[in-house]
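Work through the exercises below with the sequence and the model open. Try each task before reading its solution.

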Amino acid sequence: MKDILPDEVYHWQRIEWLLRAHFESFCYREIRTPLVEEAGLFSRAIGEATDIVNKEMYEFADRSERQLALRPEATASIARTYIEHGFAKTHGVVKWYYIGPMFRAERPQRGRQRQFHQAGVELIGSDSHYYDAEAILLLCNIMHSLGIEAWRLAVNNIGCLDDRRLITDRLRRILTKERSALCDDCTQRLQGNVLRILDCKKPECRKVIDALPEWDRWICDGCTKHFNRVIALLSCAGVTYTKEPHLVRGLDYYTKTVFEMTLPQLGAQDAVAAGGRYDALISQLGGERVGAVGFAIGLERLLLASAHFLSGETKKTPDAFLVTTSLEACDSAFILLYQLRTNGVMCDMDFEGKSLKAQMRQAGKAAARFVIILGEDEIRGGTVTVKDMGQGVQESIQQERLIPFLKERSAGEHGACQDT
Ligand SMILES: [Zn+2]
Ligand SMILES: [Zn+2]
C-alpha cells in the first residue's frame, strides 16, 4: 500500500474530475458503499473458487467474531445495496458510478498495489442491449478525452447461465484430454470453473487455449441476438472492436457480453478496464431477477497512460502572492490575505519575516499570477501595488478595487478563482 503525495494527488484529482464529468453526462449518479463488507458477500458474488476470494481478499474477524473483508471490487457491494434498499421495487433501473480504493493481497512481484483504485459504473435493473453498448461507448469517450487513442477493445459473448454450463462441460471434456499440457494452476482449475483456464497467461496454456473451438454455436438464440445487437450498435457508433473468441472474465458473475480494454503501451499488465453483463448476480444474492451491466477502470494504470493529458503539471498555481515591505505592514497584509481568500482568491504570503527579495523569489516559485505589494506607502494611501507576473506590468489600485480587479483579470484567462 502506498502514500499518494500532493503532487501526485493533483493528477488523481484531474482524472477523477474528468471521469465524473463523463459518468454524469451519461446520467450515472455517484454511490459510496462501505470499504468493509461481510466476507460472505464476496465469496457468493465473485465465486468461492476464484483467486480474488481464495488468495487475495483481506479477510478478518471483528470483535464480535463476524467474518469481514475489505472490498476487493465494487460490484458485489453495489449489488447488495440495490437489494438491501429495495431499488427493484422503487426505482427499477438504477445507473450508479463509484470511484475509490479496493484491496487485494496480490503477490507483490506482480508490481501491483494492495490498495488500488477503481472507477466504474453499474447499471442494474435492465436486460436491454442498449445499456451494454452505452457502457462501452462511455468507456471509449473517457479514453478519447484523455488523449489515449491506441486502445484495443475486445468483446465476447459468454451466454446465459445455461449456455455457460454447456460451454463449461464441453471445454472441460476437451481440456481434460490436454491435461498434461496445462500448468499446475490450470490442472487444478479443471475441477472448478474451467473458464478461468482461458485467463491463464502461461505460454504452455496459451497454446492449448488458442487451439480450442469457438463456442458461439453452443450459445442460445436469445443470447446470440443480444450480443449481435450490442456489436451492431458499436459499429454504428464507429467504435473499433475485436471479437475475442476466448475472452472470459476472471469473475463468476458475468453473463452474455464481456469486454476488456487494453493499452499496448502498458506492457505486460495492459488491461486498463473491463466489464460485462451480470444478469444472474442480483438474484444469486437474494434479490429479484434483474439484468445488470457495468465496468471498472484501474486508475493506477489509467494514470500511467494519461501522461499527455496530465502534461507534467503537479499543482494548481495561486492567483496571487502578497509581499510586504516592512514588518509593520504584515498585520494589514494578513487581514487582506484573509479577505482575498474569503472571496475565493487562491493566495498566500510569507509569515517568516523574509526580505523583500526572498518574498519575490517565493512568489516566483509559487508561480502566482499576481504579486500584490503592501508597504507603508500603500497602507497610507489605502492602495496596493499589483504586479502582473505574466505581462510584467505593475499598477497601483485602491484596496477596495482589488478583488473585482483580480476576478476580472483572471476570468477567461487561465481560469483562476474558478479553476476546475
Ligand atoms: Zn443463452
Ligand atoms: Zn495455466
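**Exercise 1. Find the strands that helix α6 lies across, and give its angle to β11.**

Solution. This is a predicted model. Start with the helix: α6 covers residues 129-145. Next, look at what α6 lies across: β6, β9 (255-262), β10 (271-277) and β11 (292-298). Finally, compare directions. Helix α6 runs at about 15° to β11.

**Exercise 2. Write out the strand order of the open sheet of 8 strands, and name its edges.**

Solution. Step one is the order: β1-β5-β6-β11-β10-β9-β7-β8. Step two is the pairing, which is mixed. Step three is the edges. These are β1 (29-30) and β8 (242-243), each paired on one side only. Step four takes one pair from inside the sheet. Strand β5 (residues 94-103) and strand β6 (residues 115-124) run antiparallel and are joined by 10 bridges. To set the register, place Val-94 opposite Ile-124 in β6.

**Exercise 3. Cys-27 and Lys-256 have positive phi values; locate each residue and decide whether it is buried or exposed.**

Solution. Take Cys-27 to begin with. Its phi is near 65°, and it is not a glycine. Cys-27 is found in the loop between α1 (6-25) and β1. Count its neighbours: there are 8 C-beta neighbours inside 10 Å, so Cys-27 counts as exposed. The cut-off for exposed is 12 or fewer.

Now turn to Lys-256. Its phi is near 50°, again in a residue other than glycine. Lys-256 is found in strand β9. The count here is 27 C-beta neighbours inside 10 Å, so Lys-256 counts as buried. The cut-off for buried is 20 or more.

**Exercise 4. Why is one side of β2 and of β3 left without a neighbour in the sheet?**

Solution. Begin with the order. This open sheet has 3 strands, arranged β2-β4-β3, with antiparallel pairing. Strands β2 (36-38) and β3 (59-61) stand at the edges with a single partner each, so one side of each has no neighbour in the sheet. The twist averages 35° from one strand to the next. Then inspect a pair. β2 and strand β4 (residues 67-70) pair antiparallel over 3 bridges. Within that pair, Glu-37 stands opposite Ala-69 in β4.

**Exercise 5. Work out how strand β12 is enclosed and which strands it is joined to.**

Solution. First, burial. In strand β12 (residues 320-324), 5 of the 5 residues are buried, so the strand is largely enclosed by the rest of the structure. Second, faces. In a regular strand the side chains alternate between the two faces of the sheet. In β12, one side carries Ala-320, Leu-322 and Thr-324, and the other carries Phe-321 and Val-323. Both faces are covered.

Third, partners. β12 runs parallel to strand β13 (residues 347-349), with 3 bridges joining them. Leu-322 stands opposite Met-349 in β13. β12 also runs parallel to strand β14 (residues 370-374), through 5 bridges. There, Thr-324 stands opposite Leu-374 in β14.

Fourth, the connection. β12, helix α14 (residues 329-342) and β13 make a right-handed β-α-β unit.

**Exercise 6. List the domains, and give the separation of the centres of domain 1 and domain 3.**

Solution. The domain assignment gives domain 1 as 6-158 + 240-310, domain 2 as 161-219 and domain 3 as 320-410. Taken over C-alpha atoms, the centres of domain 1 and domain 3 are separated by 47 Å.

Note on methods:
Residues numbered from 1 in each chain as written. Chains lettered and ligands numbered in written order. Predicted model: local features only at pLDDT ≥ 70, side-chain atom pairs only at ≥ 80, totals over all residues. Pairing = 2+ DSSP bridges. Helix = DSSP H or I, 4+ residues; strand = E, 2+ residues; numbered from the N terminus. Axes fitted to C-alpha atoms, helices over the stretch in contact; angles between N-to-C directions. Right-handed = clockwise from strand over helix to strand, strands pointing away. Contact = placed C-beta atoms within 7 Å. Domains from an automatic or database assignment.
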